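Hi everyone, thanks for making time for this. I'd like to walk you through a structure that is new to most of us, so let me put it up on the screen.

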Amino acid sequence: FDMDEFSENAVIIRSVPVLAAGIDMDGFFADLVESLKSEEGKAVNARERVAQRIACHSARRAGDGLSVQEIDLIIQRTFSGAHELRCPHGRPFVYRLGRSDMERMFKRS
């Protein structure tokens with residue numbers, strides 16, 4: 001982000017990184033400000049916080065349409081081993097179920 005201070009409570013945003021293209025900037029910055037307010041007085045890694053918020057705001061949501069190519073890409077990236085299997089908020093989104101789990105789900109145990 002290329003930003004300049006405009007006043008005590010405002011900044012001018014001159015450019016946005018490519019990774020943030022297509023996200024709702026109003027929602028993104030409102031969320032970022034709230035996140036930083038909740039951490040007031042604590043040491044916060046601003047770059048990491050911005051990256052987390054971009055990931056959150058650019059993530060696919062339930063009901064979003066996906067092409068076959070997008071689905072294939074998500075599957076390839078997810079299981080490539082290069083990424084932690086967690087959402088931008090840190091919650092896991094892939095679970096391992098053992099045989100006993102499956103038997104219990106289908107009332108076979």
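Let's begin with Arg49, which sits in helix 2. Please keep in mind as we go that this is a predicted model. Is Arg49 buried or exposed? Arg49 counts as buried because its relative accessible area is 14%, and the cut-off for buried is under 20%. Compare its position with Gly27: the two are 22 residues apart in sequence, and their C-alpha atoms are 15 Å apart in space.

Now look across to Ser35, which belongs to helix 1. Ser35 is 14 residues from Arg49 in sequence, with 8.2 Å from C-alpha to C-alpha. Which residues does Ser35 touch, once we set aside those up to four places away in sequence? They are Arg49 and Arg53. Ser35 is buried too, with a relative accessible area of 5%.

Let's stay with these two helices and talk about a pocket. The second largest pocket has a volume of about 310 Å³. Helix 1, residues 25–38, and helix 2, residues 46–58, are the elements that each give two or more residues to its lining. Which of them gives the most? That is helix 2, with six residues. The lining is made up of 14 residues, and those nearest the centre of the pocket are Pro17, Leu19, Val50, Ala51 and Ile54. If you sort the lining by class, you get twelve nonpolar residues, one polar and one charged.

Hold on to Ile54, as we meet this residue again in the largest nonpolar core. That core has six residues, and Ile54 is joined there by Ala20, Ile23, Phe28, Phe29 and Leu32. Helix 1 supplies the largest share of the core, three residues. As a bit of background, nonpolar side chains tend to be buried together in soluble globular proteins.

Let me pick out a few members of this core. Ala20 touches Ile54, and also Phe1 and Met25, again leaving out residues up to four places away in sequence. Then there are the two phenylalanines. The structure holds one aromatic pair. Phe28 and Phe29 form that pair, edge-to-face, with 4.9 Å between the ring centres and 75° between the planes. Why do we call both of them buried? Phe28 has a relative accessible area of 0% and Phe29 has 19%, so each falls under the 20% cut-off.

Phe29 also leads us to strand 2, residues 10–15, where we find Ile13. Beyond its neighbours within four places in sequence, Ile13 is in contact with Phe29, and with Phe1, Asp2 and Met3 as well. Ile13 and Phe1 are twelve residues apart in sequence, yet 7.1 Å apart in space, C-alpha to C-alpha. Ile13 itself is partly exposed, with a relative accessible area of 35%.

One last stop, further along the chain: Lys107, in the segment after helix 4, which covers residues 99–105. What is its phi angle? Phi of Lys107 is near 50°, a positive value in a residue other than glycine. Lys107 is exposed, since its relative accessible area is 73%.

That's the tour, and I'm happy to go back to any of these places on the screen. Thanks for listening!

Methods
Residues are numbered from 1 along each chain as its sequence is written. This is a predicted model: local features need pLDDT of at least 70, side-chain atom pairs count only at pLDDT 80 or more; totals for chains, interfaces and linings use all residues. Side-chain values use heavy atoms; hydrogens and water are left out. Rings of Phe, Tyr and Trp (its six-membered ring) pair if their centres lie within 6.5 Å; planes under 30 degrees apart count as stacked, over 60 as edge-to-face and the rest as tilted. Buried means under 20% relative accessible area, exposed over 50%, partly exposed in between (1.4 Å probe, protein chains only). On a 1 Å grid over the protein atoms alone, a cavity is a set of points where a 1.4 Å probe fits but cannot get out, and a pocket is an open set with protein on both sides within 12 Å along at least five of seven lines; lining residues have an atom within 4 Å of a point. Grid points are joined across faces, edges and corners, and a volume is the space filled by probe spheres set on the points. Helices (H or I, at least four residues) and strands (E, at least two) are DSSP runs, numbered from the N terminus. Ala, Val, Leu, Ile, Met, Phe, Trp, Tyr, Cys and Pro count as nonpolar, Asp, Glu, Lys and Arg as charged, and the others, Gly among them, as polar. A nonpolar core is a set of buried Ala, Val, Leu, Ile, Met, Phe, Trp, Tyr and Cys residues joined through side-chain atoms within 4.5 Å. Contact means heavy atoms within 4.5 Å.
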